[in-house]
Amino acid sequence: MPSEPIITTGEVLRIFSERAFEVSLPNGKKVIGHPAKALAAVRDRIIPGAKVTLEMTPFDFEKARIAGIV
């Protein structure tokens, strides 16, 4: 049975490409964020300093899915 994702917020620090961003978590850890396909229309709003909602699995704390813009 797959476990539920961990939902948190973060701040975009840097843009690597249109599909990869460096995001800082509230505890100071940095992860690689990949936007969900549903955000294709608003991807241009994911800029450094933007607050985003993240989904992470409990198995890999190095990457996260950007699920929304706060």
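Is lysine 51 buried, partly exposed or exposed, and what is its relative accessible area? In this predicted model, lysine 51 is partly exposed, with a relative accessible area of 43%.

## Salt bridges between strands

Side chains of opposite charge can pair when their charged atoms come close. The structure holds five salt bridges, and one of them joins the side chains of lysine 51 and glutamate 11, with 3.2 Å from N to O. Because lysine 51 lies in strand S4 (residues 51-57) and glutamate 11 in strand S1 (residues 6-17), this pair ties together parts that are 40 residues apart in sequence. Glutamate 11 is partly exposed, its relative accessible area being 30%.

Another salt bridge is formed by the side chains of glutamate 55 and arginine 65, again with 3.2 Å from N to O. This pair links distant parts of the chain, since glutamate 55 belongs to strand S4 and arginine 65 to strand S5 (residues 60-69), 10 residues apart. Glutamate 55 counts as partly exposed at 25% relative accessibility, and arginine 65 is partly exposed with a relative accessible area of 45%.

## A buried glutamate and its partner

Arginine 14 forms a salt bridge with glutamate 22, and the closest N and O atoms of the two are 3.2 Å apart. Arginine 14 counts as partly exposed, at 43% relative accessibility, whereas glutamate 22, at 15%, counts as buried, because buried means under 20% relative accessible area.

Glutamate 22 lies in strand S2. Residues up to four places away in sequence aside, glutamate 22 touches Glu11, Val12, Leu13, Arg14, Phe16, Lys30 and Val31; its salt-bridge partner, arginine 14, is thus one of the residues in this list.

## Other residues of strand S2

Serine 24 also lies in strand S2 and counts as buried, at 18% relative accessibility. When neighbours within four places in sequence are left aside, serine 24 is in contact with Gly10, Glu11, Leu13, Lys29 and Lys30.

Valine 23 has a list of contacts that, without residues up to four places away in sequence, consists of Gly10, Glu11, Val12, Leu13, Lys29, Lys30, Val31, Gly33, Val52, Leu54 and Ile66.

## The nonpolar core

In soluble globular proteins, nonpolar side chains tend to be buried together. Here the largest nonpolar core has 13 residues, and those with the most contacts inside it are Val12, Val23, Leu54 and Ile66. Strand S2 (20-24), S4 and S5 are the elements that give two or more residues to this core, and the largest share, three residues, comes from S4.

The contact list of valine 23 includes Val12, Leu54 and Ile66, and these are named together with Val23 among the residues that have the most contacts inside the core.

## Arginine 65 and the largest pocket

Arginine 65 is found in strand S5, and its C-alpha is 5.5 Å in space from that of glycine 33, although the two residues are 32 apart in sequence. Leaving aside neighbours within four places in sequence, arginine 65 is in contact with His34, Ala36, Thr53, Leu54 and Glu55, the last of these being its partner in the salt bridge described above.

The largest pocket holds about 200 Å³ of space. It is lined by 13 residues, of which Pro5, Glu55, Met56, Thr57 and Arg65 are the closest to its centre, so that both members of the salt bridge between glutamate 55 and arginine 65 appear among them. S4 and S5 each supply at least two residues of this lining, and S5 gives the most, with four residues. By class, the lining is made up of five nonpolar, three polar and five charged residues.

## Isoleucine 6 in strand S1

Isoleucine 6 is found in strand S1 and counts as partly exposed, at 33% relative accessibility. Isoleucine 6 and lysine 63 are 57 residues apart in sequence, and their C-alpha atoms are 12 Å apart in space.

With neighbours within four places in sequence left aside, isoleucine 6 is in contact with Leu54, Glu55, Met56, Thr57, Pro58 and Phe61. Of these contacts, Glu55, Met56 and Thr57 are also named among the residues closest to the centre of the largest pocket.

Conventions: Residues are numbered from 1 along each chain as its sequence is written. This is a predicted model: local features need pLDDT of at least 70, side-chain atom pairs count only at pLDDT 80 or more; totals for chains, interfaces and linings use all residues. Side-chain values use heavy atoms; hydrogens and water are left out. A salt bridge is a side-chain nitrogen of Lys or Arg within 4 Å of a carboxyl oxygen of Asp or Glu. Buried means under 20% relative accessible area, exposed over 50%, partly exposed in between (1.4 Å probe, protein chains only). Contact means heavy atoms within 4.5 Å. On a 1 Å grid over the protein atoms alone, a cavity is a set of points where a 1.4 Å probe fits but cannot get out, and a pocket is an open set with protein on both sides within 12 Å along at least five of seven lines; lining residues have an atom within 4 Å of a point. Grid points are joined across faces, edges and corners, and a volume is the space filled by probe spheres set on the points. Ala, Val, Leu, Ile, Met, Phe, Trp, Tyr, Cys and Pro count as nonpolar, Asp, Glu, Lys and Arg as charged, and the others, Gly among them, as polar. A nonpolar core is a set of buried Ala, Val, Leu, Ile, Met, Phe, Trp, Tyr and Cys residues joined through side-chain atoms within 4.5 Å.
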